[in-house]
Amino acid sequence: MSGTSSSSGNSSSSDTGSSKGKPYPHVPQQPNFAGIEESILERWAKEDTFQRSIDQREGAPDYVFYDGPPFANGLPHYGHLLTSFVKDTVPRYQTMRGKKVERRFGWDTHGLPVEMEAERQLGFSGKASIVDYGIDRFNDYCRESVMRYTNEWRTTVTRAARWVDFDNDYKTMDLPYMESVMWAFKQLYEKGWMYEGHRVLPYCWECETPLSNFETRLDDAYRERTYPAVTVWFQLDNGLRLLVWTTTPWTLPSNLAIAVGPDIDYEIYEDGDARYVIGAATVANYGKQLENATKVGAISGAELVGHKYTPLFDYFADHPNAFQVIAADFVTVEDGTGAVHMAPAFGEDDQRACEAAGIEMVIPVDQQGQFTTEVPDFAGLQVFDANPKIVDALKAKGQLVKREQYKHSYPHCWRTDTPLIYKAVSSWFVAVTKFRDRMVELNQEIDWIPSHIRDGRFGKWI
């Protein structure tokens with residue numbers, strides 16, 4: 001045995017010659033990896049390897065894999081490629097397990113990214129411009145524009161060695177696909193899981209569309225901005241003047257209620273013939289405004305609840321159940337006066353609190369973020385442009401107590417960089433609460449990777 005081993009060793013040494021110590025002398029020491037990849041792709045294409053992997057499994061169980069499709073009106077970037085590698089792994093694994101996996105590539109051809117790119121190419125912006133151009137013409141242009149870079153996508157995805165069927169692709173603008181979406185909507189509706197209503201959402205008045213809360217958390221959507229903040233007084237039916245602070249003066253024409261904390265302590269200050277009510281913990285913020293006033297009493301938030309008051313503006317003076325002080329657990333004394341003005345169409349907390357009090361919303365702001373004729377003094381003004389004029393009007397009425405500039409983190413549209421507003425939008429919603437418990441139950445059966453997602457981010461979300 002030892003002799004055989006020695007002979008074998010000598011043979012190996014002879015074969016390597018000048019490549020002594022290199023186990024694979026036929027392998028280039030500086031290989032062209034890109035060239036190797038391209039030669040493999042050429043072989044796959046020549047031998048039709050991908051399609052053969054499907055044909056060989058005819059009759060085997062199907063494994064359907066539809067990934068979230070990209071838009072084809074933009075070029076692929078590293079983010080697309082990174083997720084593409086992961087998406088390719090799953091079908092390959094299922095194929096190796098003996099399943100038949102047809103992998104149709106898809107294209108997302110709907111939504112604002114398509115429309116905004118078309119608007120950019122056509123040189124105009126906004127719904128009014130689209131209507132003037134012609135909705136049918138605009139749709140036709142979008143259909144053409146959205147498929148502009150399909151060849152580049154095909155080249156890049158194929159070069160990344162992903163097996164996918166581009167010839168039998170699907171598009172969300174295909175009639176069968178759109179009909180499938182309407183079918184799904186119908187099923188939800190017939191089960192009683194759809195309802196129509198208003199919900200206050202982040203709203204981009206340039207795109208003329210609401211955004212999800214998820215979209216407002218993208219990248220640097222929140223940035224520092226400075227807006228006017230004002231403190232005004234409202235005349236209560238008991239003769240007191242309640243001080244209220246807001247960072248959105250443009251919502252004051254839509255005021256329908258004032259919220260106080262029932263457990264918050266308030267103090268009464270007398271200045272001449274007027275008596276003002278302010279949160280006890282916030283008095284220090286109004287030293288200059290109250291320097292000539294004398295404290296004459298105290299009152300609890302619970303005692304303020306139920307009182308009526310005179311509206312700042314008379315646009316909605318006859319609105320049912322409006323212009324009353326209501327209790328709310330979200331009122332604090334960290335900022336302002338301990339009293340919060342309520343415009344239910346322009347704040348999530350406002351909407352919930354006013355609904356509980358039986359106060360329906362008013363929405364005197366249109367899709368472009370401009371005041372409607374319901375507010376004639378400011379009709380046609382974009383709400384942010386209306387801020388100084390509204391403040392001036394309050395000053396002229398003698399009800400402006402304090403005017404200041406307030407810097408805070410503010411959400412912006414990730415598409416247009418436009419500062420958003422919060423606005424009630426009429427839409428259809430899925431009544432998720434009706435089957436939430438079942439979702440929570442099924443979530444426990446999912447093998448999440450990493451495992452903490454199940455009861456963490458996803459579990460908390462549902």
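Hi everyone. Helices here are DSSP runs of H or I with at least four residues, and strands are runs of E with at least two, numbered from the N terminus. Keep in mind that what you are looking at is a predicted model.

With that in hand, let's start at helix α8, residues 150-159. Just after α8, A161 takes a positive phi of about 70 degrees. Now, which residues of α8 are buried? They are T150, W153 and V157. These buried residues span an arc of only 55 degrees around the axis, so they sit on the same side of α8. As a reminder, an α-helix has 3.6 residues a turn, so residues three or four places apart point the same way. What do the buried residues of α8 pack against? Their partners are α4, β1 (104-107) and β2. On the other side of α8, you'll find N151 and T155 exposed.

Staying with α8, let's look at its charged side chains. R154 meets D167 in a salt bridge, at 3.0 Å from N to O. That pair links distant parts of the chain, with R154 in helix α8 and D167 in strand β2 (residues 165-171), 13 residues apart. R154 is partly exposed, at 35% relative accessible area, while D167 is exposed, at 63%. There is also a network built from salt bridges that share partners: E37, E38 and R159 are joined in it.

Let me pick one pair out of that network. The side chains of E38 and R159 form a salt bridge, 4.0 Å from N to O. Why does this pair tie together parts that are 121 residues apart in sequence? Because E38 lies in helix α2 (residues 33-47), whereas R159 belongs to helix α8. Both ends are partly exposed: E38 has a relative accessible area of 41%, and R159 comes in at 30%.

For a local pair, have a look at helix α4, residues 78-96. D88 and R92 both lie in it, 4 residues apart, which is about one turn of the helix. Their salt bridge brings the closest N and O atoms to 2.6 Å apart. Is D88 buried or exposed? At a relative accessible area of 8%, D88 is buried, and its partner R92 is partly exposed at 23%. In total, the structure holds 18 salt bridges, and we have just been through a few of them.

Now on to the strands, beginning with β5. Strand β5 covers residues 222-235 and pairs with strand β13, residues 400-411, in the antiparallel sense over 11 bridges. If you want a place to anchor your view, E224 stands opposite S409 in β13. β5 is also joined to strand β6 (residues 241-246), again antiparallel, by 6 bridges. There, T231 has W245 of β6 as its bridge partner. The hairpin of β5 and β6 has 5 residues between the strands, and G239 takes a positive phi near 90 degrees in it.

Before we leave β5, here is a residue from the loop that leads into it. T216 sits in the loop between β4 (209-210) and β5. T216 is buried, with a relative accessible area of just 3%. What does T216 touch, leaving aside its neighbours within four places in sequence? It is in contact with P202, A221, Y222 and L420.

Last stop: the open sheet of 3 strands. The order is β11-β7-β12, with mixed pairing. β11 (324-327) and β12 (339-342) stand at the edges with a single partner strand each, so one side of each has no neighbour in the sheet. From one strand to the next, the twist averages 35 degrees. Strand β7 (residues 257-260) runs parallel to β11, and 4 bridges join the two. Within that pairing, I258 stands opposite V325 in β11. And what lies across β7, β11 and β12? That would be helix α11 (residues 348-356), which runs at about 85 degrees to β12.

That's my tour, so thanks for listening!

Key
Residues are numbered from 1 along each chain as its sequence is written. This is a predicted model: local features need pLDDT of at least 70, side-chain atom pairs count only at pLDDT 80 or more; totals for chains, interfaces and linings use all residues. Side-chain values use heavy atoms; hydrogens and water are left out. Two strands pair if DSSP finds at least two bridges between them. Buried means under 20% relative accessible area, exposed over 50%, partly exposed in between (1.4 Å probe, protein chains only). Axes are lines fitted to C-alpha atoms, for helices over the stretch in contact, and angles run from 0 to 180 degrees between N-to-C directions. Contact means heavy atoms within 4.5 Å. The arc is that of the directions from the helix axis to the C-beta atoms.
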